[in-house]
Amino acid sequence: MLALHGWGRSHSDFDAALTGLVETHPGTGAIALDLPGFGASPAPDAPRGAAGYAEMVHPVLGECGPRVTLVGHSFGGRIAVELASRFPDAVAALVLCGVPLLRRTDRPAARPALRYRIALGLHRRRLLGEDTMERMRQRYGSADYRRASGVMRDVLVTAVNETYEEQLGRISQPVELVWGHQDDEVPVEVAERAAGLLADPRLTVLDGVGHDVPTEAPGALADAVVRQLRSP
């Protein structure tokens, strides 16, 4: 099993889930990566979306075994979906939690404030200095955007504008969707619609759990992985 963490997180998010998995399923090989730009891994040399990250992670699959169960949380789940659709022979199953696979339907997509859009246009024309533009980014950008810098900001912008309808339709492997009922970042309705595009989905909704399933409900996540490992 190979686990891929969310944006701004690290491999340690899966510590409890991996411990529980090894205890209940002895002999299972289970690792979690620090994705490029997070934890101990250096940032990529150029902006990449989920497909680009999948290309970077793909060599690890060969080291893990002939077929791997991928676990992806949030940003890591974007990458897991790309890996499963691009390299189906290397991926046995997916376990996804809190992944923004599709656009939300319960609220319109956020549009940048008018002042920020004007500032961005002036900056592109070199009529607004970088220091002033950075103050505008800090004022109007999302929390993840404000914390990111350099190429990782461009990675974030690329990723948040992606959706995965086509990739989900190509995935034939079993997919466990393990979702927090109180996930305000990626609500359950996203998982329900994604399940409708998958060939072999199973959706588990966890009461009292929010977006961070790996740390809030590691046991439930480990159970989902075990179900896939025990499948014929």
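Visitor: Which helix lies across β5 and β6, and at what angle does it run to β5?

Guide: Helix α9 (residues 188–195) lies across β5 (175–180) and β6, and its direction is about 165° to that of β5. The angle is taken between N-to-C directions on a scale from 0 to 180 degrees, with axes fitted as lines to C-alpha atoms, for helices over the stretch in contact. Contact means heavy atoms within 4.5 Å.

This is a predicted model, where local features need pLDDT of at least 70 and side-chain atom pairs count only at pLDDT 80 or more, while totals for chains, interfaces and linings use all residues. Residues are numbered from 1 along each chain as its sequence is written, and side-chain values use heavy atoms, with hydrogens and water left out.

Visitor: What makes a stretch a helix or a strand?

Guide: Both are DSSP runs, numbered from the N terminus: H or I over at least four residues for a helix, E over at least two for a strand.

Visitor: Why are β2 and β6 called edge strands?

Guide: Two strands pair if DSSP finds at least two bridges between them. The open sheet has six strands in the order β2-β1-β3-β4-β5-β6, with parallel pairing. β2 (31–33) and β6 (201–206) each have a single partner strand, so each has one side without a neighbour in the sheet. Neighbouring strands are turned by 20° against each other on average, direction ignored.

Visitor: What makes β1 and β2 a pair?

Guide: Strand β1 (residues 2–4) is joined to β2 by three bridges in the parallel sense, and the rule asks for at least two, so they pair. Leu-4 has Leu-33 in β2 as its bridge partner.

Visitor: Why is Arg-153 called buried?

Guide: Buried means under 20% relative accessible area, exposed over 50% and partly exposed in between (1.4 Å probe, protein chains only). Arg-153 has 9%, so it is buried. This residue sits in helix α7 (residues 151–160). Leaving aside neighbours within four places in sequence, Arg-153 is in contact with Glu-134, Arg-137, Gln-138, Tyr-145, Arg-146 and Ala-148.

Visitor: Ser-74 and Arg-126 have positive phi; which is buried and which is exposed?

Guide: Ser-74, in the loop between β3 (68–73) and α3 (75–86), has phi near 55°. Its relative accessible area is 11%, so Ser-74 is buried. Arg-126 lies in the loop between α4 and α5 and has phi of about 60° although it is not a glycine. With a relative accessible area of 78%, Arg-126 is therefore exposed.

Visitor: Which residues of α4 are buried, and what do they pack against?

Guide: In α4 (residues 114–124), Tyr-116, Ala-119 and Gly-121 are buried. The buried residues of α4 pack against α5 (130–140) and α6 (143–147).

Visitor: What makes an empty space a cavity?

Guide: On a 1 Å grid over the protein atoms alone, a cavity is a set of points where a 1.4 Å probe fits but cannot get out. Points are joined across faces, edges and corners, and the volume is the space filled by probe spheres set on them. By this rule there is one cavity of 30 Å³ or more. The largest cavity has a volume of about 40 Å³.

Visitor: How many residues of its lining are nonpolar, polar and charged?

Guide: Lining residues have an atom within 4 Å of a point. Here they are Met-1, Phe-14, Ala-17, Leu-18, Leu-21, Val-71, Leu-221, Ala-222 and Val-225. Ala, Val, Leu, Ile, Met, Phe, Trp, Tyr, Cys and Pro count as nonpolar, Asp, Glu, Lys and Arg as charged, and the others, Gly among them, as polar. The lining therefore divides into nine nonpolar, no polar and no charged residues.

Definitions and conventions. 1 Å grid on protein atoms, 1.4 Å probe; cavity = no way out; pocket = protein on both sides within 12 Å on 5 of 7 lines; lining within 4 Å.
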